[in-house]
Every structure is written in structure tokens, then in C-alpha cells.
Amino acid sequence: MPGDNVGFNVKNISVKDVKRGNVVGDTKNDPPKGCATFEAQVIVLNHPNQISAGYTPVLDCHTAHIACKFDKLLSKINKRTGQKMEDDPKFVKTGEAAMVQLVPTKPLVVESFAEYPPLGRFAVRDMRQTVAVGVIKAVDKATAWKDPAVAAKEVKDQAKDAKKAAAPKKK
């Protein structure tokens, strides 16, 4: 059953090779993959300030504890009905709910709550307390997870290459 925590041994794999947050799945039908980004509905329970884009707390999702950046606040929603109240809000505060785009800082396997509920819910922890809870609505598995520093370097290298190609050649 998806989401159950079980113990088992695999030939030729040491117990030391299995890390917190690892996920086992069906490799033929729906293999678990790390995601680049995911969209989630988040309800802020107890945060002393406001949460805005760029906030990077730790997410506790299944057995993983990984920092994830609130990349974009997509919309503020009514936490009871789920209806959109405001597009592109600057911040959300205690008692409010929002649809957000999150980017994990390390590889993270998650699924939408509709497909696999245990892999689609999480707690947002900061300052040694739970500040928010959420459910995952959509996962971007098309592109695999990349270290943000490596991705930024690749973008710079591509820009450099484009500049070189556009520059007139000297004779």
C-alpha cells in the first residue's frame, strides 16, 4: 500500500546505503522520481511574521526532511472552500491559505495527494515548530531535480555561449 513504512532487505544493498526519505516503488508502471518543483495548497498555522516568495523552511514529507523554497505564491485561497481570492499575493500570514510553487534544495520524491495521499501531504517546520501544513496538487517530474547552484551556472554558461555566437568575428 503506498505510504506504508516497512522494513525489508535487498540483496547487494547495505543498510547504510538506504537514506532517510528514500522511496521504493514500481519501476515498470509508476517509478518514483525526484521532482524539480511542485505545486501545493498550504495553510499557515502559526508564523510570527508573513511568508513570501524566497522563504526556505524545512518540509517534513513522508520520512524526508528537506528544505524547500517557496518559489512563487500563485494565489491566496479561501481555506474552507478552496476558491481563489487573490492572484500573485506578496505574502501570506497566520490563518491564511495559498497555492504555492515549491522548489526542493535536494532531491525529493513526492506525489500529488490525489494519486498517493501519504506522499502528498507535508508539514512546514521552522523555528522548531510546525508553521504550516499542506497537500501537493501537482508535481513537475518532467525535469529531474537539479542543484540550484549547478542550474545557475548552466544558465550563465548558456548566456556566455550565446554572447560569443552573437559577437562579430575579428579578422
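This is a short tour of one protein chain, going from the whole fold to its core, then to a surface patch and a single loop residue. Keep in mind that the model is predicted.

**Stop 1: the whole chain**

Start with the cartoon view and colour it by secondary structure. You should find 1 helix and 9 strands. Follow the chain from the N terminus: the strands come one after another, and the helix comes at the end. Now think about who touches whom. Among contacts with a separation of 6 or more, 67% are between residues 24 or more positions apart.

Next, switch on the surface. The accessible surface is about 11600 Å², and carbon and sulfur atoms account for 53% of that. Of the 171 residues in the chain, 27% are buried.

**Stop 2: the core**

Hide the surface and select F38, F70, L102 and F122. In the largest nonpolar core, which has 25 residues, these four touch the most other members. Which elements give two or more residues to this core? They are strand 1 (37-44), strand 3 (58-61), strand 4 (64-77), strand 7 (97-104), strand 8 (121-126) and strand 9 (129-140). Strand 4 gives the most, with 5 residues. As background, nonpolar side chains in soluble globular proteins tend to be buried together.

Stay here and zoom in on F70. Leaving aside neighbours within four places in sequence, what is F70 in contact with? Show I51, S52, A53, G54, Y55 and P57, then add V100, Q101, L102 and V124, and you have the full list. Notice that L102, one of the four you selected at the start of this stop, is in contact with F70.

**Stop 3: a patch on the outside**

Bring the surface back and select V6, F8, V10, I13, V18 and V24. Together they form a nonpolar patch on the surface, with about 590 Å² of accessible area. Click on V18, in the segment before strand 1. Is V18 buried or exposed? V18 counts as exposed because its relative accessibility is 51%, and the cut-off for exposed is over 50%.

**Stop 4: a loop residue, E96**

Last, select E96, in the loop between strand 6 (92-93) and strand 7. Show its side chain together with that of K76: a polar contact of 3.3 Å joins the two. Then look towards K93, whose backbone nitrogen lies 2.9 Å from a polar atom of the E96 side chain. To finish, display V42, I43, V44 and F91, which along with K76 are in contact with E96 once neighbours within four places in sequence are left aside.

Key
Residues are numbered from 1 along each chain as its sequence is written. This is a predicted model: local features need pLDDT of at least 70, side-chain atom pairs count only at pLDDT 80 or more; totals for chains, interfaces and linings use all residues. Side-chain values use heavy atoms; hydrogens and water are left out. A nonpolar core is a set of buried Ala, Val, Leu, Ile, Met, Phe, Trp, Tyr and Cys residues joined through side-chain atoms within 4.5 Å. Buried means under 20% relative accessible area, exposed over 50%, partly exposed in between (1.4 Å probe, protein chains only). Helices (H or I, at least four residues) and strands (E, at least two) are DSSP runs, numbered from the N terminus. Contact means heavy atoms within 4.5 Å. Accessible areas come from the Shrake-Rupley method with a 1.4 Å probe; for residues, only the protein chains shown count as cover. Patches are made of residues with over 30% relative accessible area and no salt bridge: like charges are joined within 9 Å, nonpolar side chains (Val, Leu, Ile, Met, Phe, Trp, Tyr) within 5 Å. A salt bridge is a side-chain nitrogen of Lys or Arg within 4 Å of a carboxyl oxygen of Asp or Glu. A polar contact is a pair of N or O atoms within 3.5 Å; within protein, one must be able to donate a hydrogen and the other to accept it, and residues adjacent in sequence count only if both atoms are side-chain atoms.
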